[in-house]
Amino acid sequence: MNNHIDTLVHSLAKICGSKNISVDPNVLNPYSSDMSFFKGNNPNLIVWPSKTQEVTKIIKLANQMDFSIVPVSSSSNDRHHGDTIPRKDNCIIMNLTKMDKILSIDKKNRVVMIEPGVTFEKLIPKLQQSGLRLLLPLYPTGTKSVLTSVLEREPIIIPRYHWDTSDPLLCTEVVFGTGDLFRTGTAAGPGTLSQQKKAGQAHVNPMGPTQFSPYRVIQGAQGSLGIVTWATMKLEFIPSEQKVFHYHSNNIEELLDFQQKLANYRLCDETFILNNLNLACLVKKSREEIENLTNSLLKWNLIYILAGRGNLAIDKLNYLEGDINDLMRDSNLTHLESSNLIDKNEILECMNNYTAEPWRTRYKGSYQDIFFISNFENIPKYIKKVELKHPENLGIYIQPINQGTSYHCEFDLFYDSENGSETNDLEGKFNEISIDLMDCGAFFNRPYGYWAREVYARHIEQTSTALRKVKKIFDPNNVLNPGVLCFDK
Amino acid sequence: MLQKQVLENFQKIVGPENVDDSEVMTNAYSYNWCMEFVNSSEGKEPIPFSSIPKAVILPSTVEEVQQIVRLCNQYKIQFKAQSTGLGPWNQPSSENCVILDLRRMNKIVKIDHRSLYAVVEPYVSGAQLQAETMKFGLTVHMPGAGPQVSPLASATSMNGPGFTSPHTGHSARNVLGVEWVLPDGEILKLGSVGMKNDSDWYIGDGPGPSLRGIMRGWAGAKSGIGVFTKVAFKLFPYPCSTKFKLSGNSPDYEFEIPDYMKLYVMDCKSYSHLEKVFLAIEEEEISFICSHLSGYGLGAIFSNSIGSLMDKIPIAGMLVPLVVLIAARTKREFEYKQKVMSKILIDFNLENVIGSKYTPNSLFYAEALRSNLGLHGFIATGGFQSSKGQCDTVKVCVKTTKESIPLKKKYIKKGVIGNDFGEGVWITSYESGHYFHIESPTMFDQTDEKSVKGMAENMEENYQFDLLKHLGAPFFVEGDKMHDLFGPEMMNYHIWLRKIKKAFDPNGIADSGFYISAK
Ligand SMILES: Cc1cc2nc3c(=O)[nH]c(=O)nc-3n(C[C@H](O)[C@H](O)[C@H](O)COP(=O)(O)OP(=O)(O)OC[C@H]3O[C@@H](n4cnc5c(N)ncnc54)[C@H](O)[C@@H]3O)c2cc1C
C-alpha cells in the first residue's frame, strides 16, 4: 500500500470502521471492469458506509483529500454499462449495499421509502405482503438495486402509470458532491421528516422545493452529482385479477398501431412488444427451450395485461375487453394472431416478479444492449437498420413509455463472451450499430460508457454547457464519478 | 423610456411597430390584477400598479427573443416575459426592465395525435389548443386559471393544478421537449429536440440529467430563468364524446351534455370521512374531476352572479362536499364507472344530490370540460387570491384545511375578506390520487384599501402558520424575501437556487422579483 492510500484507509476507518473498508485486490478487481466493453481504471479501495452521515463524511473527505468516488448499490456483480468503472486514478468505490433498509411502506398513500441497497428480491415480496406492487422494469434481476434502476430511468412496463419520465421516483435524500445533505420534493420541508410525517405528509410530491426540482438532475446523472441515501417511490395496488393477452404477427407496424391505441386509451396495464427470441428468453430458461419457442412464434409478439381489483374486478375486465375488441374490429387488423404457445402464468411471473439470473443472459451467456428513446414513427426504421447489420442472435424489445408519448427501443446482441473472436466481432458491431443509430436520430438519453462522447457531440453545444454548470454547482471539485456524461473536462 | 440608441437597436430586431416606450403604453403595462395586494405585502402603497417598464417589446420568433435578451445583457436592462400576462407575477420589479409581450408567438407548432402531444408557442391559449385537439378525440391539461391562459406559461413558468388533474395531471409533469432562451441569450433545447439532426419533441429529459429540474419546480421561475419560446406537452384522451353544442347567449348558454358524463356531489359531512372517500374514489381511477370545495365554493361554481348564488342553498349548505365528475368514451366504460360509484355511495353512506336535490345548468358540464370553473371565484367580491398551495397527501391537505379555519375566521371577523365560514378551500387529486394539493381561495375587495391590506396580512399570517405547523410549502414562495423565510426551514434550498440563478444568469438580466436573485 502506498502512503496516500494508507492515510486514506486510516481516515475512512475513522468514519465507518476498518471492517467496512477493503483494499484486497480480489475484492476490488470486479469493480475495474464489467460486462460492457468499457475499459477504465482500478479503484484504490472500497468502502461500505451504512448511514447517511457516513456518506456525507466520506464525500467531504474526498473534497479535502482529493480523491473521487464511484457509488455502487446493487449487490450482484452483473453490471452492464460501464458507468461504475473508475475513469480516473485515485478513485474509491462507495458500495451502498449495507444501506438496505425498507424505511417505510405506506399502503394508504401508495408509497415506499427505501435505501439504495434494497434489491428487487427483497422489496417485491415485502410489498406483496401488503397488497402493493412496484412499477417494475421488464423482469428485473433480483439482486439489482431498486433505487438505481429508478435513478437510471429504466423503463417501466405499465405505460399508463408512467405519468412523467421520472416515475416512479418521488422524493430523495441526497448528499451532493459538496458533501451537503439535501432532500428533494416535499421532503425538503418545512420541518424535519418526523415533523412532516406528523403533519400527515408521506413525501409523494417529487416537485420542488419551490421553484426547482433537483431530483430531476440527480436522476440520470450516473452518480456524478449526488449520492442518494433514500428515496420514496410510487406504488400501485396488486390487482386481484390479471388477464394475459399474447398476439403475434410478422407485421410490426400493425402490432405497433394496435399497441399505441391500447396505450393511448389507457386500456391495459403492462404492455410491450418483443421479437420471438427475446420473448423466448424472457419466459424459458434453457437454450433448447428458447430455440424451440423462438421457432414456433411469429416474429413479433405483443403482450398486454388487463387488470382489475376488488368486487368489481371482473366487471372491469369485461368492459376493457369489450372496448378492446371493438377497437380491434375497427382497426381492421389482418395479420394479428392470438397465441397460446406460452402458458399465461409464465408470462405473469415475468410481470409480477424478479428473476434470479438476468433473462438476457439465458441464450448465449452474455449480451450487449443498445437502447434509446424513439418517437413512434421511426421504430421500424431502427429495427431495419439493426437487423441489416446483425440479423442473428438479436433480441428486440419495444416499450411505450411516458403514457405512450415515446418508446424505449432495445436491441440485445447475444453472444458467448468465452469465445474471443465472437466477442471481438461483437464489440465492433456494437459500436458501429450504436453510432449508426445515433446518426439517424435515435435519442440515447442514458449515455453510458463510450456512447457519452458521441451522444453529446450530436447534441447542441448548449446542452453540455448547461449540464457542466449544474455539475459545477453540485459537485464543484468533481469528486463524484468523474468523467461520465459530458463531465470529462 | 429607453435611450434613443437602445430603442433603435430594439427596433432593428423587431421593427419599430413592435417596440413601444411611450408613457401611455408603459403605464398601461404597469397595471395588473392583484398588484395592489402584492404592493401591500411589500409595505408599499396598495395600488394596482408595479414599477413602470422601460418599454414593451413584441418579438415574433425565437431568434428575435434571443437578440433582445442579448441586447438586454449588453445594456444591463432586465426583461420580464409574459404570455397572456394576467397576474402580478408578470410585472417588473424595477424601473430598469422591459416587458417581452409574447403575443405574436401564437402558433400551434404541432399536434401529434398518435403520440399524444402538442407543441405550442407562448400565446396559444388552452381553449384554442383544445378546440384543435378535440378533432382527434384528445384534450389538454389546463390550469384552474381557465382556458384563456397559456398552457406554455403554465407548463414552463407557473404552477399547474387544474380541475381535471385526476385525469390530466400537473402542468410541470406533462412537459416533453422545450425551447428556452437562457438569460445570457443562449438557446437551450431540452431532450430529443436538442439533437442536431432529426430532432423531435417527444421527450424533454436527457441526455443524462434532466434540465427540466433547473427550469422549474412545483412552481415555475416566472420569467426569472429565461424565456420559453416553445414547449411540447402531453395530451390526453378526451374523456367523453367530443360533441360540443352550445346555444344561447353569454353567460347563460345552453349546452347539450355529451355522452357519457355524470356528476356526483356528495356531502361527506366530516373531514375524516372526506379523506377516506377521496382515496376510495381515486384508487378506482375513474374520475375526470375529483375536488373538495366548501359549501360556499360549491354554490359558486354553479352560479354566474351573486343573485344566482343565493338560490344554491340546498348545496351551499353542505358541510364537507365532494364533487366528482365521471366521463367515459364508451357505454361499457360509463356503466362500469357508475357501478363503482354506486358501490362507493353505499360503502360510505353517501347521497348524490345531483338529479334529486339539485340539477345544475347544462353549462356546468361545458365549463368542466373546458376547465372554466375557476372564474366563479370572482363573483362574490370581484377579487380573490389563494393562500396555501401545498401539495402532498390528502391527509395533509385536509389537516391544513381544518386547522386553518380559525385563522381565516379571524380575518372574516375583521371584515376584510369574504365570509366563507373559514372553510373555503379547493383540494384536488392528481394522477388518480397519487398526490393532492390544497389552496385557500380568499375573496377580498380590490377597490377597498382596508380589504387589500387585510388580505396581505392574512397571507403573511398563513405563511407563518404553515411554517410553524410543518404543513408544506405554499405556492407563492417566490422573491428573495419569501425564499429567505422558507429556505432555512427547508434544507437551505435557497442557497442552491441562488447558485443556479448565478450560473444561468450571470448578469442578473431576467427579472427575479418573483424568483430569486443571486445576491
Ligand atoms: C384567477 C386565476 C386563477 C388561477 N388559478 C390557477 C390554478 O388553478 N392553477 C394554476 O396552475 N394556476 C392558476 N393561476 C395562475 C395561472 O397558472 C397562470 O396565470 C397561467 O397558467 C399561466 O398562463 P398565463 O397565460 O396567464 O401566463 P402569464 O400570466 O403570461 O405568465 C405567468 C408567469 O410566467 C412568466 N412567463 C410567461 N410566459 C413566459 C415565457 N414564455 N417564458 C418565461 N416566462 C414566462 C410570466 O412572467 C409570469 O411570471 C391562476 C391565475 C388566475 C389569474
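**Exercise 1. Place S240(A) in its chain and describe its surroundings.**

Start with the secondary structure: S240(A) sits in the loop that links β10 (226-237) to β11 (241-249) of chain A, where strands are DSSP runs of E with at least two residues, numbered from the N terminus. A quick note on the model before going on: it is predicted, so local features need pLDDT of at least 70 and side-chain atom pairs count only at pLDDT 80 or more, while totals for chains, interfaces and linings use all residues. Residues are numbered from 1 along each chain as its sequence is written, chains are lettered from A and ligands numbered from 1 in the order in which they are written, and side-chain values use heavy atoms, leaving out hydrogens and water.

Next, is S240(A) buried or exposed? Its relative accessible area is 44%, so S240(A) is partly exposed; buried means under 20%, exposed over 50%, and partly exposed in between (1.4 Å probe, protein chains only).

Then list the contacts (heavy atoms within 4.5 Å). Neighbours within four places in sequence aside, S240(A) meets G308(A), R309(A), G310(A) and A313(A). With G310(A), the backbone nitrogen is 3.1 Å from a polar atom of the S240(A) side chain.

**Exercise 2. Describe the shell around the ligand.**

Begin with the count: 33 residues surround the ligand, and the closest are A81(B), S83(B), T84(B), W89(B) and G160(B). A residue belongs here if one of its heavy atoms lies within 4 Å.

Now see where they come from: β3 (78-82), α6 (151-156) and β10 (227-237) of chain B each give at least two residues to the shell.

Which backbone atoms approach the ligand?
- A81(B): a backbone N or O atom is 2.5 Å from a ligand oxygen.
- P161(B): a backbone N or O atom is 2.8 Å from a ligand nitrogen.
- F228(B): a backbone N or O atom is 2.8 Å from a ligand nitrogen.

Finish with the area: the ligand taken alone exposes 920 Å², of which the protein buries 96% (Shrake-Rupley method, 1.4 Å probe).

**Exercise 3. Find the nonpolar cores.**

First, the term: a nonpolar core joins buried Ala, Val, Leu, Ile, Met, Phe, Trp, Tyr and Cys residues through side-chain atoms within 4.5 Å.

The largest has 197 residues, and those with the most contacts inside it include F411(A), W180(B) and L322(B). Its largest share, eight residues, comes from helix α15 (residues 394-413) of chain B. Apart from this core lies another, of 31 residues, among them L138(A) and Y161(A).

Conventions
Helix = DSSP H or I, 4+ residues; strand = E, 2+ residues; numbered from the N terminus. Polar contact = N/O pair within 3.5 Å; in protein donor to acceptor, adjacent residues only side chain to side chain.
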